[in-house]
Amino acid sequence: MFPAAADAVPRPRSPQDPPPSKQRDAFFDNAKYLAIVLVAVAHSWEPLKGDSRILEGVYTVVYSFHMPAFIVISGFFSRSFDMRPDRLRRLITGVAVPYVLFETAYSLFKRYADHDPGMDISLLDPWFLTWFLVALFIWRLTTPIWKLVRWPLPLALGIAMLASVTPDIGDDLDLQRVLQFLPYFVLGLVMKPEHFRMVRRRSMRIAAVPVFAAALAVGWWAVPRMNTEWFYHRNAVQEMGAPWWTGPVMVLAMFGSSLLLTACFFAWVPGRRMWFTALGAGTLYGYLLHGFLIKGADFAGWFDHAWLYRPLGELFVSALAAIAVTVLCTSPVRRVFRFSMEPEMNWAFKRDATDVARVRERTTAAPREKVDA
């Protein structure tokens with residue numbers, strides 16, 4: 001679910017950061033765009049998959065890696081995050097504020113479009129896809145801790161395993177998802193560019209073919225045998241009626257299988273500029289906005305037509321979802337909704353003292369340069 005500049009939201013810039021004109025890495029923009037398309041397509045399958053074992057199997061395979069891939073990239077581009085004021089400000093304006101706005105908007109949308117007067121606005125209980133913004137805020141805020149500890153990934157896995165057997169965590173802020181998806185974010189934090197280059201070798205692209213074929217076969221086999229809730233990571237094992245020990249086992253097993261499929265996905269992502277590369281900078285827009293289309297179609301009963309449950313209908317819905325999320329990532333849409341996803345909010349923050357000093361230094365240095373000239 002996914003989902004914006006290099007890491008689902010634009011990375012906070014600083015005076016030490018490269019200038020904006022620096023060439024973006026096409027690979028990561030391509031990966032983000034393709035991942036968000038998979039997120040939207042998988043959401044469009046949810047109303048249809050119940051009557052199709054094949055679609056349910058493909059759905060589980062896609063769900064096992066599309067969000068992990070997105071979260072790994074988010075972690076990778078959060079490596080420079082610290083508690084510096086400009087980065088905290090960007091975290092608030094680029095993640096916290098959009099969460100408040102879209103959680104409120106989605107709650108009101110369900111209340112009135114779905115005729116559900118009992119749907120309350122609760123910032124503590126994310127609905128549908130807004131959980132990712134809560135998770136990203138918490139993950140990024142804890143980044144300095146993960147950079148400090150000696151074994152960050154084993155520690156994150158341990159926390160995820162404990163969360164899977166702790167139903168008392170409750171539903172506030174969707175903390176089960178925050179904690180169970182945490183290892184993917186931490187993995188992104190500890191990865192280096194050469195790790196991504198390793199999985200993009202030709203041998204990996206070839207090896208990914210039988211791996212994905214096997215995954216699809218396992219997904220088809222597992223449909224009547226496995227609870228799809230495992231892929232959402234939103235419940236403790238006790239809430240799914242399974243023995244407690246299966247929680248930690250499944251966290252490790254799904255982490256391993258998700259990483260394998262994520263590596264295969266990265267292996268197939270093109271590294272050169274494509275027609276969709278520029279759309280990778282707008283994936284947060286596609287992520288947050290496509291949910292209104294999916295849920296709106298569901299509330300309106302558009303998924304009730306019998307022909308949509310046949311293979312051609314499922315392909316039609318998939319193509320429509322892919323086209324819709326692509327449009328939502330484009331520059332015109334981003335300009336319209338920038339106020340809600342990338343607000344400046346200069347009125348809400350004190351001016352950073354270091355920036356003030358830097359501006360003063362530049363203005364006083366300019367006359368001296370003219371005199372020297």
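The following exercises concern helix geometry and packing in a predicted model.

**Exercise 1.** Describe how helices H1 and H2 pack, and state which residues meet.

*Solution.* Two packed helices are described by the angle and the distance between their axes. Step one: the axes of H1 (residues 26-45) and H2 (residues 53-63) come within 10 Å and cross at roughly 145°. Step two: the crossing of H1 past H2 is left-handed. Step three: H1 contributes Leu38, Ala42, His43 and Trp45, which meet Leu55, Val58, Tyr59, Val62 and Tyr63 of H2. By class, this contact of H1 with H2 comprises 8 nonpolar residues, 1 polar residue and no charged residues.

**Exercise 2.** Determine whether the length of H11 agrees or disagrees with the span expected at 1.5 Å a residue, and locate its kink.

*Solution.* Step one: H11 (residues 202-222) has 21 residues, so it should span 30 Å at 1.5 Å a residue. Step two: the end C-alpha atoms of H11 are 30 Å apart, in agreement with that value. Step three: H11 has a kink of about 25° at Ala208, shortly before Pro210. Step four: Ala208 is also among the buried residues of H11, together with Phe212, Ala215, Gly219 and Ala222. The buried residues of H11 pack against H2 and H12 (246-268).

**Exercise 3.** Give the span of H14, and identify its buried residues and the helices they pack against.

*Solution.* Step one: the 18 residues of H14 (residues 311-328) reach 26 Å from first C-alpha to last, close to the expected 26 Å. Step two: the buried residues of H14 include Gly313, Glu314, Val317 and Ser318. Step three: the buried residues of H14 pack against H1, H2, H13 (283-299) and H15 (331-341).

Definitions and conventions
Residues numbered from 1 in each chain as written. Predicted model: local features only at pLDDT ≥ 70, side-chain atom pairs only at ≥ 80, totals over all residues. Heavy atoms only, no water. Axes fitted to C-alpha atoms, helices over the stretch in contact; angles between N-to-C directions. Helix = DSSP H or I, 4+ residues; strand = E, 2+ residues; numbered from the N terminus. Left-handed = near helix turned anticlockwise from the far one by under 90°. Contact = heavy atoms within 4.5 Å. Nonpolar A, V, L, I, M, F, W, Y, C, P; charged D, E, K, R; others polar. Expected span 1.5 Å × (residues − 1). Buried < 20%, exposed > 50% of the residue type's maximum accessible area, 1.4 Å probe, protein only. Bend = angle between axes of the 7 residues up to and from the residue.
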